[in-house]
Amino acid sequence: MEDPWQDAMDHAVALARKAGTLVRDAVQNDMKVMLKSTSVDLVTQTDQKVEKLIIESVAKKFPTHCFIGEESVAAGEACVLTDSPTWIIDPVDGTTNFVHGYPFVAVCIGFAVNKQLEFGVVYSCIEDKMYTGRKGKGAFCNGEALQVSDQRDITQSIVASEFGSTRDPEVMDKVFSTMRKVLCLPVHGLRGAGSAAINMCHVAAGSVEAYYETGIHCWDFAASAVIVSEAGGVLMDVEGGPMDLMSRRVVAANCQVIAERIVKEIDAFQPTRDDAAAQD
Ligand code: IPD
Ligand code: CA
């Protein structure tokens, strides 16, 4: 049967590559850094320009489709996931890396229909790695099939996480307490690429066994969630239930056992949901 979303996915890949070239070129230049929710939540004109480029191009080709884009939401657009075909866009995941020239920066495009993720494209543009995942059809990096690690023992694993975009002392206490517990399981190591999407692609590629974070947004992990599950991985909420795209929390792992083991160590908390305004 013909894939109804193949055209959309091909367009997403082409756009991610075009956007990624723009981002890569901009790393060399002087940039004006602006702040969003906190003094460590950065944005640049490149983030805004790339999101505009993607949305304008998709809207022209698929005029009935909807969008959730990081910078559009920052500018006041609603963050609502309906049953309509919806493009979930992070123009630059790893903006802090981008600002500092730290080489993990990704353009992320996720696509959902009936609130189910259909495909995800994550272009790690400085490394020139194009990660893709299509529901039921596998995950790939530059055309090579991805497969999660077959490790089942957390003490033989590397786990990824991040410090996030807030420095609220109460939140930091939970972040550090969880990291301490995970590290002392013990695990072989704790890593963080500075991009939620790239951390999750590392789970898909088998170079880390798991990634967890609270405080991310739907655009940070929608695209990479498809890539993880299509590479054979599992996704869940930090309290063990099913992954909820709007909840700002995720555990991505190579297998159920490791995901559940991490869940046991997490000091869970609930940041304001991405769709909070829509639920009021
Ligand atoms: C951030 C990155 C970072 C994660 C933050 C995200 P941004 O996304 O993914 O790794 O710790 O929670 O907000 O702001 O660079 O798109
Ligand atoms: Ca971003």
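The following conversation walks through a predicted model, from its ligands to two of its helices and some unusual backbone positions.

Trainee: Where should I begin? Which residues coordinate the calcium ion (ligand 2)?
Mentor: The calcium ion (ligand 2) is held by E70 (OE), D90 (OD), D90 (OD) and V92 (O), at 2.1 to 3.1 Å. Please bear in mind that this is a predicted model.

Trainee: How are those donor residues spaced in sequence?
Mentor: The spacing of the donor residues is E-x19-D-x1-V.

Trainee: And are D90 and V92 buried or exposed?
Mentor: Both D90 and V92 are buried.

Trainee: What about ligand 1? How many residues surround it?
Mentor: Ligand 1 is surrounded by 15 residues, and the closest are D93, G94, T95, A196 and E213.

Trainee: What does an oxygen atom of ligand 1 find in the side chain of D93, and how far away?
Mentor: An N or O atom in the side chain of D93 is 2.8 Å from an oxygen atom of ligand 1. Two calcium donors also appear here. An oxygen atom of ligand 1 is 3.2 Å from an N or O atom in the side chain of E70, and an oxygen atom of ligand 1 is 3.2 Å from a polar backbone atom of V92.

Trainee: You listed E213 beside ligand 1. Where is the place of E213?
Mentor: E213 belongs to strand 12. Its relative accessibility is 7%, so E213 counts as buried. The side chain of E213 makes a polar contact with the side chain of Y211, at 2.6 Å.

Trainee: Which residues does E213 touch, apart from those up to four places away in sequence?
Mentor: E213 touches S161, E162, G164, A196, V238, R248, R249 and V250.

Trainee: R249 is on that list. Which strand does R249 lie in?
Mentor: R249 lies in strand 14, residues 249–253. With a relative accessibility of 5%, R249 counts as buried. The side chain of R249 makes a polar contact of 2.8 Å with the side chain of D237. Beyond its neighbours within four places in sequence, R249 has contacts that include F221, V238, D244 and F269.

Trainee: R248 was there as well. What is phi of R248 near?
Mentor: Phi of R248 is near 65°, a positive value in a residue other than glycine. Most residues other than glycine have a negative phi. R248 lies in the loop between strand 13 (234–236) and strand 14, and R248 is buried, with a relative accessible area of 14%.

Trainee: Now D128: what is its phi?
Mentor: D128 has a positive phi of about 55°, although it is not a glycine. D128 sits in the loop between strand 6 (116–124) and strand 7 (129–134). D128 is partly exposed, with a relative accessible area of 38%.

Trainee: Changing topic to helices: how many residues does helix 5 have?
Mentor: Helix 5, residues 169–183, has 15 residues. Helix 5 reaches 20 Å from its first C-alpha to its last, close to the 21 Å expected.

Trainee: Which residues of helix 5 are buried?
Mentor: The buried residues of helix 5 are V171, M172, V175, T178, M179 and V182. Seen down the axis of helix 5, these residues fall within an arc of 130°, so they line one face of the helix. An α-helix has 3.6 residues a turn, so residues three or four places apart point the same way.

Trainee: What do the buried residues of helix 5 pack against?
Mentor: They pack against strand 10 (158–160), strand 11 (189–191), strand 12 (210–214) and helix 8 (256–265). The face turned away from the buried side carries the exposed residues P169, E170, D173 and R180.

Trainee: What happens at the start of helix 5?
Mentor: A side-chain oxygen of D168 reaches to within 2.8 Å of the backbone nitrogen of E170.

Trainee: And in the loop between helix 5 and strand 11, which residue should I look at?
Mentor: Look at P186, which lies in that loop. The peptide bond from L185 to P186 is cis, with omega near 0°.

Trainee: Last one. Which residues of helix 2 are buried?
Mentor: In helix 2, the buried residues are T46, D47, V50, E51, I54, I55 and V58. Seen down the axis of helix 2, they fall within an arc of 155°, so they line one face of the helix. The face turned away from the buried side carries the exposed residues K49, K52 and K60.

Trainee: What caps the N-terminal end of helix 2?
Mentor: T44 caps that end, with a side-chain oxygen 3.1 Å from the backbone nitrogen of T46.

Note on methods
Residues are numbered from 1 along each chain as its sequence is written. Chains are lettered from A and ligands numbered from 1 in the order in which they are written. This is a predicted model: local features need pLDDT of at least 70, side-chain atom pairs count only at pLDDT 80 or more; totals for chains, interfaces and linings use all residues. Side-chain values use heavy atoms; hydrogens and water are left out. Helices (H or I, at least four residues) and strands (E, at least two) are DSSP runs, numbered from the N terminus. The expected span of a helix is 1.5 Å times one less than its number of residues. Buried means under 20% relative accessible area, exposed over 50%, partly exposed in between (1.4 Å probe, protein chains only). The arc is that of the directions from the helix axis to the C-beta atoms. Contact means heavy atoms within 4.5 Å. A polar contact is a pair of N or O atoms within 3.5 Å; within protein, one must be able to donate a hydrogen and the other to accept it, and residues adjacent in sequence count only if both atoms are side-chain atoms. Donors are N, O and S atoms within 2.8 Å of the metal (3.2 Å for Na, K and Ca); water is not among the atoms, so sites may look incomplete. A residue is near a molecule or strand if one of its heavy atoms lies within 4 Å of it.
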